[in-house]
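Visitor: Could you take me on a close look at one part of this structure, the charged side chains and how they pair? I would enjoy one connected walk, with a few other polar side chains along the way.

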Amino acid sequence: EIVPTATVDDNYIITCKKGVLTIEQAPLTISASATREYGEENPEFTFIYSGFKNNENSNVLTSVPQAYTTAKKTSPVGTYPVYISGASAQNYSCSYEDGTLTITKAPLTITVQPASREYGENNPEFSFAYSGFKNNENSDVLSTLPQATTTATQTSSVGTYSISAAGAEAQNYNAIYVDGILTITKAPLTISAKPSIREYGDENSTFEVQCTGLKNEESSDVLSVRPQITTTATPSSTVGTYPIYVSSADALNYAISYEEGVLTIIKAPLTIRALDATRKRLEENPQFQLSITGFKLGETKEVLEQLPTIQCDANANSPAGTYPIVLLNDGYAANYEYNLVNGILTIEKLQFTITVLSEDESMGTVSGGGTYDEEETINIYATPKVHHHFVKWNDDNKNVKRSVVVTQNVER
């Protein structure tokens, strides 16, 4: 109550009556705001009070305020009202201002997965690992998928290259990127020795190789170290097959393997010729001789396992003429291929001397004598001088000119 007091006044009679002082509740405004990431539980709201008196605080509240919002863990990014109610205090009249819950984008880490490929190939399709999805979500919630890029091209050398990612978009996520690594490994390259053939006794030729697996239309020029090509075969190696070894090549972008080749040593050609021979009829065949050409390495006929047999059908009684000296194909040499050339045996007719003489050359002469082949028909002549006439030959033949078949030595 209010008790008045009065002073004395000569002109008034003062009467004092008690009054009443009413103390009303002070206004107290309560609000609340908060921020959280998408996918998180709503936070514990912190209230903001405006209107406390006498340095008082929320401890004077007989009932603490309660906050409520429609936002859930799955609510998308945005702002949501925070409703407040339920506060009470003896000396305060509580009023409420709606607060705001701000849901921000959650961080989403997108990591480019490591990748590898061989040199010369196209880059693979890059993949991503995601860390930070909420509410059991996955990459399906991305409105734009990330894109991966690298400086490596089909012709880039062996090594490691960074893979960058960018471009992902999502309503509720803020993308953070972690680069990956593209490893370019050596491409397999097979170097094969090409088959080679040579004759026995020759030097080895310059061996050649074939490269299988070259990329980007490259050639063997990309080899930083040329391959070594060797064989155990020497000029004196016998006929057969010998391995051609390849080794020691190197190239920046290739993992090299080797395939042996085959050197085939074939028989060298050896010409064996039966030398022509000549004899007279009724004589025995001579000892036939051979001419051999084509030996290698200074070799002689002693290296030949078997010479061909020499055959000739002519015998002592064979008539005059030519007969083949045949080399039979029954010879053999480990390192030589025989090229057989037959010869010719010429059997000559026997020769006889025809002697024609005049008993008296003062009366005439005779001619036609000489040396002739057997069975040759010749003419002999008698030529009388003047005042003389031919009488006869000593075999009583009276023809001045006569034909004679040569069969033996004759004197007329």
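Guide: Lysine 194 counts as partly exposed because its relative accessible area is 33%. In this predicted model, lysine 194 forms a salt bridge with glutamate 208, and the closest N and O atoms are 3.8 Å apart. The two partners sit in separate loops: lysine 194 in the one between β16 (187-193) and β17, glutamate 208 in the one between β17 (196-199) and β18 (209-212). They are 14 residues apart, and the pair links distant parts of the chain.

The structure holds 10 salt bridges, so let us visit others. Glutamate 374 and arginine 281 meet through their side chains at 2.6 Å, N to O. Glutamate 374 belongs to the loop between β32 (370-373) and β33 (377-384), and arginine 281 to the loop between β24 (277-280) and β25 (290-293), so this salt bridge ties together parts that are 93 residues apart in sequence. Glutamate 374 counts as buried because its relative accessibility is 7%.

Arginine 281 also leads us to serine 318, whose contacts beyond four places in sequence are Arg281, Asp313, Tyr323 and Ile347. Serine 318 is placed in the loop between β26 (310-311) and β27 (321-327). With a relative accessible area of 8%, serine 318 is buried. A polar atom of its side chain lies 2.8 Å from the backbone nitrogen of asparagine 315.

Another pair is arginine 402 with aspartate 395, where the closest N and O atoms of the salt bridge are 2.9 Å apart. Arginine 402 is buried at a relative accessible area of 12%, whereas aspartate 395 is partly exposed at 32%. Elsewhere, Glu118, Glu121 and Lys215 are joined into one network by salt bridges that share partners.

Now for a charged side chain without such a partner. Arginine 36, in strand β1, is buried yet has no salt bridge. Its nearest side chain of opposite charge is glutamate 40, 7.1 Å away, and a salt bridge needs a nitrogen and a carboxyl oxygen within 4 Å, so this pair does not qualify. What does lie close by is the backbone oxygen of lysine 72, 2.5 Å from a polar atom of the arginine 36 side chain. Leaving out residues up to four places away in sequence, arginine 36 touches several others, among them Glu41, Pro43, Leu101 and Ile103.

Glutamate 137 offers a further polar contact: its side chain joins that of tyrosine 38 at 2.6 Å. Glutamate 137 is found in the loop between β11 (128-131) and β12 (147-150), and it counts as partly exposed at 23% relative accessibility. Apart from residues up to four places away in sequence, it touches Tyr38 and Tyr173. For a sense of scale, the C-alpha atoms of glutamate 137 and tyrosine 336 are separated by 84 Å, with their positions 199 residues apart along the chain.

As a last stop, here is a nonpolar counterpart. Ile2, Leu21 and Ile23 make a nonpolar surface patch of about 360 Å². Isoleucine 23 lies in the segment before β1 (26-37) and counts as exposed because its relative accessibility is 75%.

Terms used: Residues numbered from 1 in each chain as written. Predicted model: local features only at pLDDT ≥ 70, side-chain atom pairs only at ≥ 80, totals over all residues. Heavy atoms only, no water. Patch = residues over 30% accessible without salt bridge, like charges linked within 9 Å, V, L, I, M, F, W, Y side chains within 5 Å. Areas by Shrake-Rupley, 256 points an atom, 1.4 Å probe, with all protein chains shown as cover. Helix = DSSP H or I, 4+ residues; strand = E, 2+ residues; numbered from the N terminus. Buried < 20%, exposed > 50% of the residue type's maximum accessible area, 1.4 Å probe, protein only. Lys, Arg positive; Asp, Glu negative; His and termini not counted. Polar contact = N/O pair within 3.5 Å; in protein donor to acceptor, adjacent residues only side chain to side chain. Contact = heavy atoms within 4.5 Å.
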